[in-house]
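Notebook open, structure loaded. I'm jotting down what I look up as I go.

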Amino acid sequence: MAQPRGQWSGKLGFILAAAGSAVGLGNLWKFPYITYDNQGGAFVLVYIGAVALVGLPIMIAEITIGRRTQRSPVGAFRILMAGRSGGWFWSGLGFLGVSAGFVILSYYTVVAGWTLRYTWMALSGQLRELAAQSGALDAYFGSYVANGGAQVLGTGIFMTLTIGAVYFGVRSGIERVAKVLMPVLLLILFSLAIYASTTAGFGEAMTFLFRPNFSELTSQSVLEALGHAFFTLSLGMGAIITYGSYMNKKCSVPVAALQIAALDTVIAILACVVMFSIIFSFDMEVSKSAGILFTTLPAVFFQLDGGGIIAAAFFILVAFAALTSTISLLEVVSSYAIDELAWSRRQAAMTMGAAIFVFGVLNALSLGANDWLTDLNLLGASHAGLFNSLDYLASNWMLPVGGLFIALFAGWMMSSKDTWAEVSQGHDGSAAWYPAWRFLIRFVAPVAVGAIIFSIIFLGMEYQ
Ligand code: PHE
């Protein structure tokens, strides 16, 4: 603990790093396909409501907890509970977050590895050849995920890049990568959006996304929107507590949280605009799950002028977004070792990264390469395979439970005086938001998240 603690260079450094954590496969892959499955319009509105009323308050709570204690989750809760009973429970909550980081990273790097492969295939022309034969993209994707060697290779390369950033620390690693990748990501996405606006399907995409039809909305959609708000904003597991712990006291907590949540939402919606405009231009059916990104889209890209460039730009965009997210996941696990076990940063990044990679290999082999791992049925038949079981465990259990208790902690265990002492530092604007935040974090967020957990347990619903 004697090591000097890293700090972002300033407000922009924090915003870009935290937005980098938030913007990831959740925005570019999951959000478009759940929006499609839930018929667009009304779902998009409910999702924006979930981000504003539940996600944003919990993000403010996480930044506040991190910046107040200057610690990653386990130590943060321990410090805030010092001298009170029940500290073990809340440190356990911190530990749940660290475990969630470990679990999510172990399968997230597998999908992230695919984006590298597809970028390469777009650049080398292989993707164009596949797109020219009907059914070839689907067949390729199926055999690619079942190829153990290729899966382990992609996962390994992606983990190496992730370790590289965490190894160099808060400012010279994580922040530096985010400052390069995030602007490039925005530039690519905006260019693709401008291009999309010239395609024939643009009008239909806008209607689909922005004309709500509430009769299509089910309670399942509302839950999915809420569950997704956690995943996409990196909430419920301490990534934002950890990043908040490196934040300067001169920055405004609520303004930063608002900017991060807004950026994350704009990017998710722009991704939908791009994908649906292109897909609707050709009257394509959107297949579920991974299909939209790796089979449907490549097929349509090559029907457009300059398809190779668009495909390459698109997969680079997804790879960049994934990398800034995997960095934050590894940072949560590493900062636990740095803060609590007094490891050096380099040792923590390499050891934890290697351990997660070893575990990740099991996920990489559970998509067809190894029969036992592929059929492993840990948490119910609809999540067969280690990869699916862990995604289900993290998205349906670890993040909502973590988020619920973080909200309860900030709203009920910390006094209003305490949270105010932190959030008033660096915030010059109006204080009118504060009572609204207190109300949301004490009542609205716990009830909403409690409803997700209740429906998962008692109604058998699940968030993808
Ligand atoms: N928010 C990331 C995404 O949308 C995923 C993530 C979850 C990252 C939790 C960090 C912590 O892809």
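Thr-351 came up first in my lookups, and I found it in helix α16; helices here are DSSP runs of H or I with at least four residues, strands are runs of E with at least two, and numbering starts at the N terminus. This is a predicted model, so I keep in mind that local features need pLDDT of at least 70 and side-chain atom pairs count only at pLDDT 80 or more, while totals for chains, interfaces and linings use all residues. Residues are numbered from 1 along each chain as its sequence is written, and side-chain values use heavy atoms, with hydrogens and water left out.

**Thr-351, continued.** Is Thr-351 buried or exposed, or in between? Thr-351 is partly exposed, because its relative accessible area is 38% (buried is under 20%, exposed is over 50%, partly exposed is in between, with a 1.4 Å probe and protein chains only). A polar atom of the Thr-351 side chain lies 2.6 Å from the backbone oxygen of Gln-347. I log that as a polar contact, meaning a pair of N or O atoms within 3.5 Å; within protein, one must be able to donate a hydrogen and the other to accept it, and residues adjacent in sequence count only if both atoms are side-chain atoms. I also checked the C-alpha distance from Thr-351 to Ala-337, and got 9.7 Å for a separation of 14 residues along the chain.

**Ligand.** Which residues are closest to the ligand? They are Ala-22, Leu-25, Gly-26, Tyr-108 and Phe-231, out of 14 residues that surround the ligand; to count, a residue needs a heavy atom within 4 Å.

I noted three backbone partners:
- Phe-231 has a polar backbone atom 2.8 Å from a nitrogen atom of the ligand.
- Gly-26 offers a polar backbone atom at 2.9 Å from a ligand oxygen atom.
- Ser-21 has a polar backbone atom 3.2 Å from a nitrogen atom of the ligand.

On its own the ligand has 320 Å² of accessible area, and the protein covers 100% of that (Shrake-Rupley method, 1.4 Å probe; for residues, only the protein chains shown count as cover). The space taken by the ligand is the largest cavity. For the record, a cavity is a set of points on a 1 Å grid over the protein atoms alone where a 1.4 Å probe fits but cannot get out, and a molecule sits in one if more than half of its atoms lie within 2 Å of its grid points.

Which elements give two or more residues to the shell around the ligand? Those are α1 (11-22), α2 (25-37), α11 (219-232) and α15 (307-341). By class, I have six nonpolar, eight polar and no charged residues in that shell (Ala, Val, Leu, Ile, Met, Phe, Trp, Tyr, Cys and Pro are nonpolar, Asp, Glu, Lys and Arg are charged, and the others, Gly among them, are polar).

**Serines in helices.** Ser-325 is in helix α15 and counts as buried, since its relative accessibility is 3%. Its C-alpha atom is 9.1 Å from that of Tyr-108, though the two are 217 residues apart along the chain. Ser-277 is in helix α13 (residues 253-281) and is buried at 0% relative accessible area.

**Positive phi.** Most residues other than glycine have a negative phi. Ser-234 is not a glycine, yet has a positive phi of about 60°. Ser-234 sits in the loop between α11 and α12 (239-244) and is buried, at 10% relative accessible area. Ala-342 also has a positive phi of about 60° without being a glycine. Ala-342 is in the loop between α15 and α16 (345-364) and is partly exposed, at 45%.

**Asn-248.** Last lookup: Asn-248 lies in the loop between α12 and α13. The Asn-248 side chain reaches the backbone nitrogen of Lys-250 at 2.7 Å. Asn-248 is buried, because its relative accessible area is 17%.

How values were computed:
On a 1 Å grid over the protein atoms alone, a cavity is a set of points where a 1.4 Å probe fits but cannot get out, and a pocket is an open set with protein on both sides within 12 Å along at least five of seven lines; lining residues have an atom within 4 Å of a point.
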